[in-house]
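Subject: Structure handover

Hello,

I am passing on the structure we spoke about. Please look through it first; my notes on what was found in it follow below.

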Amino acid sequence: MSSSSALSARGSRLALLVVGLCWLAVLFDGLDMFIYGSVLPHMLEEKALGITSSQAGDLGSYATFGMLVGALTAGTVADRIGRKKLMVSCVALFSLASGLCAVANGVAVFGLGRILAGVGLGGLLPTAISMVSDYAPRGRAALTIGLLMTAHHAGGILSAYVALWIVEPLGWRAAFWVCVAPLLFVPVLARFLPESLSFLVARGRVEEARALAARYDAEVPAAKDRTAAGAPWANLLNLFRGGEWVQTLLYWLASFGGLLLVYGVATWLPTLMRSEGYELGSALTFVVLFNLGGIVGMLVAGRASDRFGAPRISAVWFALTAGGVFLLSVHMPLALTFVVVFLTGVFLNSAQTMIYATVSIGSAPANRATAVGWTSGMGRFGAVFGPWLGGQLLAADKGDWGFTAFALAGAASMVFIGIAALRTTRPTGRDGEPRQLVAAG
């Protein structure tokens, strides 16, 4: 075995550890995110906490508002204090917040719990994406990010089974107690998750990076792109220097439409399908199929993006998503509806993730968490609007228009990320150095 092959094999131990731990953290993120939508039909049926359809949409938006705050602040904080500390804090926060939801005696306390959970959920995802990007094998960055995001949809599937197996006999509060269980994972994450080598080098902590690399026989990244310690907003300003501001705004707008679509559908899919006459069991089956499609889509889109470029794949995926979501407004035979929901899940979830892949791998290591965090955070405005919009349309007895509105959001994201793809002339990152094609733009 050549020395370079041996180095790659040894370094893969560290990559496997990081991706594995981040995968579990994102699994719990997905469980906590999707649990509200999975138990919502049951809560509305028994009028839990006295909520109405309109209030239910507002509560769904509370979590996504918290995610907005978490995503906007987490990227900058992670680039300052480190990915590991922030990930540990985020898992602890959304786990404890779920406990607050479980003991809530009114809508206000429940809403506060969802906001706090959202802060943790919003902070975790871009930080985990930045972490695995640092350790992804060369030429496989989008696939690695796609693999990480399968955990989010595995959490969505888990939430549906929690609703099926636990809510009926024990009530909706039991589902949120299940979401407190990830608190047991916090010590494991704190003990075994290593800090980002690129972050350590970028912050000038080279000796610490060398010690970590020696422990796992990994390679220390070259020192570059170090951000001045006294400029906390420098990383954000870097997103707008030169011609970068156009691409940054295109990514933000695409993320807005994509997350409006993702969280609008995630929150309201079971309820909207039940309003179409399907039983609760069938409606939750849609959640399972939607997230199974998400898992398949992440792997397919990740591989395709590593070959053809993430912006291009994201644009095509959004176009297919818009068509699939629109079809859900048409009453079809159950078997055909299952197929459409699965295929919509394949394209919808990975279309948004490939926006993150584009931004993450195209950013300098010292700036990566900020770039992904702000792209995710600005998109969270759409995530706040989506659940609210679904609730208003359902309250007005216009549930079919919800699918149409979500389809239009997908079409808009296709346009914005498509323009970003057309503006790409060569596969370079924000630091101006050549990168794999997925990082184009």
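A contact here means that heavy atoms lie within 4.5 Å. On that basis, among contacts between residues at least 6 apart in sequence, 82% join residues at least 24 apart. Please keep in mind that this is a predicted model.

Overall make-up

The protein has 16 helices and 0 strands. Of its 441 residues, 61% are buried. The exposed area comes to about 16100 Å², and carbon and sulfur atoms supply 67% of that.

Helix α4 and Arg114

Helix α4 covers residues 107-135. From its first C-alpha to its last, α4 reaches 42 Å with 29 residues, which is close to the 42 Å expected at 1.5 Å a residue. Since 22 of those 29 residues are buried, α4 is largely enclosed by the rest of the structure.

Arg114 is part of this helix. Is Arg114 buried or exposed? Its relative accessible area is 1%, and buried means under 20%, so Arg114 is buried. Leaving aside residues up to four places away in sequence, Arg114 touches Asp32, Met33, Ile35, Tyr36, Leu59, Tyr62, Ala63, Cys101 and Phe176.

Salt bridges

Side chains of opposite charge can pair when their charged atoms come close. How many salt bridges does the count come to? The count comes to 2.

One of them joins Asp32 to Arg114, with 3.1 Å between the closest N and O atoms. This pair links distant parts of the chain: Asp32 sits in helix α1 (residues 3-45) and Arg114 in helix α4, 82 residues apart. Asp32 has a relative accessibility of 1% and therefore counts as buried. Arg114, as noted above, is buried as well, with a relative accessible area of 1%.

Another salt bridge is formed by Glu207 and Arg210, whose closest N and O atoms are 2.9 Å apart. Both residues belong to helix α9 (residues 206-216); they are 3 residues apart, so about one helical turn separates them. Glu207 counts as exposed, at 55% relative accessibility. Arg210, at 48%, counts as partly exposed.

Nonpolar cores

The largest nonpolar core has 100 residues. Those with the most contacts inside this core are Cys22, Met87, Ile129, Tyr135, Leu189, Leu269 and Ile417. Met87 touches Cys22, Ala25, Leu124, Thr127, Ala128, Leu189 and Leu193, again without residues up to four places away in sequence. Apart from the largest core lies another, of 24 residues, which includes Leu31, Ile35, Leu40 and Val167.

Val91

Val91 is found in helix α3, which spans residues 83-102. Its relative accessibility is 0%, so Val91 counts as buried. Which residues does Val91 touch, not counting residues up to four places away in sequence? They are Ala25, Leu124, Pro182, Val186 and Leu189. Val91 and Val26 are 65 residues apart along the chain, while their C-alpha atoms are separated by 9.1 Å.

Nonpolar patch on the surface

Phe256, Phe381, Phe385 and Trp388 form a nonpolar patch on the surface, and together they have about 360 Å² of accessible area. Which helix gives the most to the nonpolar patch? Helix α15 (residues 368-395) does, with 3 residues. Trp388 lies in α15. With a relative accessible area of 35%, Trp388 is partly exposed.

Backbone points to check

Most residues other than glycine have a negative phi. Two residues in the loop between α1 and α2 are worth a look in this respect.

- Lys47 has a phi near 55 degrees, a positive value in a residue other than glycine. Lys47 is found in the loop that runs between α1 and α2 (53-81). With a relative accessible area of 60%, Lys47 is exposed.
- Leu49 has a positive phi of about 60 degrees, although Leu49 is not a glycine. Leu49 also lies in the loop between α1 and α2. At 24% relative accessibility, Leu49 counts as partly exposed.

That is the end of my notes.

Regards

Terms used. Residues numbered from 1 in each chain as written. Predicted model: local features only at pLDDT ≥ 70, side-chain atom pairs only at ≥ 80, totals over all residues. Heavy atoms only, no water. Helix = DSSP H or I, 4+ residues; strand = E, 2+ residues; numbered from the N terminus. Buried < 20%, exposed > 50% of the residue type's maximum accessible area, 1.4 Å probe, protein only. Patch = residues over 30% accessible without salt bridge, like charges linked within 9 Å, V, L, I, M, F, W, Y side chains within 5 Å. Areas by Shrake-Rupley, 256 points an atom, 1.4 Å probe, with all protein chains shown as cover. Salt bridge = Lys/Arg side-chain N within 4 Å of Asp/Glu carboxyl O. Expected span 1.5 Å × (residues − 1). Core = buried A, V, L, I, M, F, W, Y, C linked by side-chain atoms within 4.5 Å.
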